[in-house]
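Thanks for coming, everyone. I'd like to walk you through one structure today, so please have the viewer open and follow along with me.

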Amino acid sequence: MPNPETLALDDDTSVLVLTGAGVSAESGIPTFRAAGGFWESHSIEQVASPGGFARDPALVWRFYSERRQKALTCLPNPGHHALRALEERLGDRFLLATQNVDDLHRRAGSQRLVEIHGNLFLTRCSHCAATPVRDEEEHFGPDLPRCPACARGGRESLLRPHIVWFGEMLDPRHLERIDRFMDAARRLVFLAAGTSGAVWPAAGMVNAARARGATTWLVNAEAAENTAAFHHFVEGPSGLVLPALLKTA
Ligand code: BV8
């Protein structure tokens, strides 16, 4: 349960949260690294990289379609709801960056949300800059979805999941929004939850927060790769720890 020093939040304190797959584990969505994670039957390179999509777009669409199907059967858990409740209390002194693409924070009502790795239910053209569109369809092939805007121009372009794959840059507008939030904070608390700290640049966010004098907390089922970078580490399931930790805040 929470450390003796609970997450004291006064009117000058802003809270930046970073969540990872562990926050959705209690909703039934397998994490990437736990046994039985999604990656087991596929390598990251095969299904979550531009090269993998170029080599076998049907496999990639099957992988993401399976995850769309799974995510639609899952519900936000108390950890998601605790973060939404904190947002309602803090308003513009709260920002949630998530590595998760499962849409559960949005379905829990979070609005001050930056989905730094994209969203399972958005699809965009692999070629042109047409705005990503909401898409809950499965695309198991053999005919894969194609861009209507490109088609009007006589070009055959595949649509792709609006996901940041390994080897792809994160949206600089997302990173700028997070930096601006941290810079504007009179006093900053950084809370990471349900993340192994294995994937960059998200894993470096704690260092950027500390460089701004933040007090840093990690809520995780086990020690993460970057646990040492945090002032406080609360070990336990986020669906149990976050409501307790944030209620006392
Ligand atoms: C990039 C979408 C620039 C896909 C994802 C240094 C700097 C920059 C880049 C790199 C670098 N070093 C290496 C890289 C490359 C790479 C990277 O980080 N590789 C790793 C594997 C070493 N990074 C990139 O490629 C990034 N791009 O930097 O661009 C660039 C450009 C060109 C060339 C070079 C560089 C892009 C990274 C984004 C990749 N996309 N997601 C999809 O989802 O299909 S990442 C994906 O995996 C997730 O989004 C998530 O971020 C990550 C998994 O991490 P977690 O969320 O932490 O999940 P995990 O399973 O690992 O951990 C869960 C934790 O929860 C565990 O600790 C567990 O104990 C805990 N837990 C479980 N249950 C619970 C719980 N905790 C609490 N309660 C519970 N109930």
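Let's start at the ligand, with Ser196: an N or O atom in the side chain of Ser196 is 2.6 Å from an oxygen atom of the ligand. Please keep in mind that this is a predicted model, and that distances like this one are computed from it. Gly167 also comes to 2.6 Å from a ligand oxygen, but here the protein partner is a polar backbone atom. Then there is Tyr64, with an N or O atom of its side chain 2.7 Å from an oxygen of the ligand. How many residues surround the ligand in total? There are 35, and the closest are Tyr64, Arg67, Gly167, Ser196 and Glu222.

Now turn to strand β1, residues 13–19. Is β1 enclosed or open? Seven of its seven residues are buried, so the strand is largely enclosed by the rest of the structure. The cut-off behind "buried" is under 20% relative accessible area. If you look along the strand, Thr13, Val15, Val17 and Thr19 point one way, while Ser14, Leu16 and Leu18 point the other way, and all of them are buried.

What does β1 pair with? One partner is strand β7, residues 187–193, in the parallel sense and over seven bridges. Another is strand β2, residues 94–98, also parallel, through five bridges. Leu16 is a handy residue to click on here: Phe190 stands opposite Leu16 in β7, and Leu95 is the bridge partner of Leu16 in β2.

Two of the residues I just named come back when we look for empty space. The structure holds one cavity of 30 Å³ or more, and the largest cavity has about 40 Å³ of space. Leu18 and Phe190 are both in its lining, together with Ala192, Thr195, Gly197, Ala202, Ala203, Val206, Asn226 and Phe230. What classes of residue make up that lining? Seven are nonpolar, three are polar and none is charged.

Let's go on to a pocket. The second largest pocket has about 260 Å³ of space. It is lined by 14 residues, and the closest to its centre are Arg124, His162, Val164, Asp171 and Arg173. Three elements give two or more residues to this lining: β4 (118–125), β6 (159–163) and α8 (172–184). By class, the lining of the second largest pocket divides into six nonpolar, three polar and five charged residues.

Two of those elements, β4 and β6, also belong to a sheet. It is an open sheet of three strands in the order β5-β4-β6, with antiparallel pairing. β5 and β6 are the edge strands, each pairing on one side only. Between β4 and β6 there are four bridges, and the two run antiparallel. If you'd like a pair to find on screen, Gly118 stands opposite Ile163 in β6.

Next, some backbone geometry. As a reminder, most residues other than glycine have a negative phi, and most peptide bonds are trans. So which peptide bonds here are cis? One is the bond from Gly141 to Pro142, with omega near 0 degrees, and Pro142 lies in the loop between β5 (133–134) and α7 (148–152). Another is the bond from Trp200 to Pro201, again with omega near 0 degrees. You'll find Pro201 in the loop between β7 and α9 (205–211).

Phi gives us a residue to look at too. Asp103 is not a glycine, yet its phi is positive, near 75 degrees. Asp103 lies in the loop between β2 and α6 (104–107). Is Asp103 buried or exposed? Its relative accessible area is 4%, so Asp103 counts as buried.

I'll finish with Thr227, in the loop between β8 (215–220) and β9 (232–235). Thr227 has a relative accessible area of 15%, so it is buried as well. What does its side chain reach? The side chain of Thr227 reaches the backbone nitrogen of Ala224, at 2.5 Å.

That's my tour. Thanks for listening, and I'm happy to go back to any part of it on the screen.

Notes:
Residues numbered from 1 in each chain as written. Predicted model: local features only at pLDDT ≥ 70, side-chain atom pairs only at ≥ 80, totals over all residues. Heavy atoms only, no water. Buried < 20%, exposed > 50% of the residue type's maximum accessible area, 1.4 Å probe, protein only. Pairing = 2+ DSSP bridges. 1 Å grid on protein atoms, 1.4 Å probe; cavity = no way out; pocket = protein on both sides within 12 Å on 5 of 7 lines; lining within 4 Å. Points joined across faces, edges and corners; volume = space filled by probe spheres on them. Nonpolar A, V, L, I, M, F, W, Y, C, P; charged D, E, K, R; others polar. Near = heavy atom within 4 Å. Polar contact = N/O pair within 3.5 Å; in protein donor to acceptor, adjacent residues only side chain to side chain.
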